[in-house]
Amino acid sequence: MGNIKRILCSFCRPGLFPLGSQPLLVLVNSKSGGGQGADVFTAFQRLLNPNQVYSLLEGGPLSGVYAFRSISDFRVLICGGDGTVGWVLSCLDDVVQEIKCKLPASAVLPLGIGGREDDPSIFTMNNYFGIGIGAELCLDFHLQREEEPDKFHSRLHNKAFYFRAGIKKMVKGYSRTFTQEVEIEIDGKKLDLPTLEGIVILNIGSWGAGTVAWGPDKEDGHSPACHCDGLVEVVGLQGVMHLGQIQSGIRTGIRLAQGAQV
């Protein structure tokens, strides 16, 4: 381990880079994207200096961030799904006092619908979370993948599982008392909920493999969704059919509220 640290420190000496440069740190979840993450990791190692590319399955984000800790200005490319992004951003928050670049510019190469296998001890909500029908479908997917991991080898297959699971829920029926079982308070004010089967709370503009749940700008008293405005968006889901329509771009979610505290 000591030899590895010496190599990393040597590679990332500030004097090695031209003045004003922004070296790129690539963090890849090799299990994301139905296994495509492994191919992405190999490709970046071939295109860049291998010391710039790190697999999150080998020590998490810290090994890469540690290697770049003395660089005054660097960029981060996060390759993975929503859990991976949350994992990396939480790590950067935790070590901000230990690295020279306090706010590295970060971008995402999406590799979702293939990994919820990230570190489960994440306490910062960077993207979104849901309760109700959407969350239940995600749980079904997770449990089935844990039972038969060899079957979940591609995005297309994984999306097909969601489709089949959604049809089963629609035929079987879902809790019609969801709205009576859930109370939501936004900035100290309790919401008067319509009849719903699920709710999503978002801090980014997209949800569920890139779907725009909040919808386009319109004159309804709400602001456009923005990840840096200090507000989260609360969106209602009316059921499996509504989920499918949102995914297809035919409809958007039910705009319920925006606020700083939920």
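## Parallel strands and a crossover

Strands E1 and E3 pair in the parallel sense, and 5 bridges link them. In this predicted model, Leu27 stands opposite Ile78 of E3. Strand E3 also pairs in the parallel sense with strand E4, which covers residues 105-110, over 6 bridges. One example is Gly80, whose bridge partner in E4 is Pro110. Between these two strands the chain passes from E3 through helix H4 to E4, forming a right-handed β-α-β crossover.

Strand E3 is mostly covered, with 5 of its 6 residues buried. In a regular strand, the side chains alternate between the two faces of the sheet.

## The nonpolar cores

The largest nonpolar core contains 18 residues, and those touching the most other members are Leu25, Leu27, Val65, Phe68, Phe74, Val76 and Val88. Four elements give two or more residues to this core: strand E1 (24-28), helix H3 (62-67), strand E3 (75-80) and helix H4 (82-94). Helix H4 supplies the largest share, 4 residues. In soluble globular proteins, nonpolar side chains tend to be buried together.

Val76 illustrates the contacts made by a member of this core. Leaving aside residues up to four places away in sequence, Val76 touches Leu24, Leu25 and Leu27, as well as Pro104, Ala105, Ser106 and Ala107. A second core, separate from the one above, has 16 residues, including Leu137, Leu202, Trp207 and Val240.

## Helix H2

Helix H2 runs from residue 36 to residue 47 and has 12 residues. From its first C-alpha to its last, H2 reaches 17 Å, close to the 16 Å expected at 1.5 Å a residue. Its buried residues are Gly37, Val40, Phe41 and Phe44. Seen down the axis of H2, these buried residues fall within an arc of 100°, so they line one face of the helix.

The face turned away from the buried side of H2 carries Asp39 and Arg46, which are exposed. The buried residues of H2 are covered by elements that include E1, strand E2 (53-55), E3 and E4.

## Helix H5

Helix H5, residues 133-147, has 15 residues. Its reach from first C-alpha to last is 21 Å, close to the expected 21 Å at 1.5 Å a residue. The buried residues of H5 are Ile133, Gly134, Leu137, Phe141 and Arg145. Because these residues fall within an arc of 115° when seen down the axis of H5, they line one face of the helix.

On the other side of H5, Glu146 and Glu147 are exposed. Leu137, one of the buried residues of H5, is also a member of the second nonpolar core.

## A loop residue with positive phi

Asp187 lies in the loop between strand E6 (185-186) and strand E7 (189-190). Asp187 is not a glycine, yet its phi is positive, at about 50°. With a relative accessible area of 43%, Asp187 is partly exposed.

## The chain as a whole

The protein chain has 8 helices and 10 strands. Of its 262 residues, 40% are buried. Among contacts between residues at least 6 apart in sequence, 75% join residues at least 24 apart. The pairing of E1 with E3 and the cover over the buried residues of H2 show how elements of this chain are arranged against one another.

How values were computed: Residues numbered from 1 in each chain as written. Predicted model: local features only at pLDDT ≥ 70, side-chain atom pairs only at ≥ 80, totals over all residues. Heavy atoms only, no water. Expected span 1.5 Å × (residues − 1). Buried < 20%, exposed > 50% of the residue type's maximum accessible area, 1.4 Å probe, protein only. Arc of directions from axis to C-beta. Core = buried A, V, L, I, M, F, W, Y, C linked by side-chain atoms within 4.5 Å. Contact = heavy atoms within 4.5 Å. Pairing = 2+ DSSP bridges. Right-handed = clockwise from strand over helix to strand, strands pointing away.
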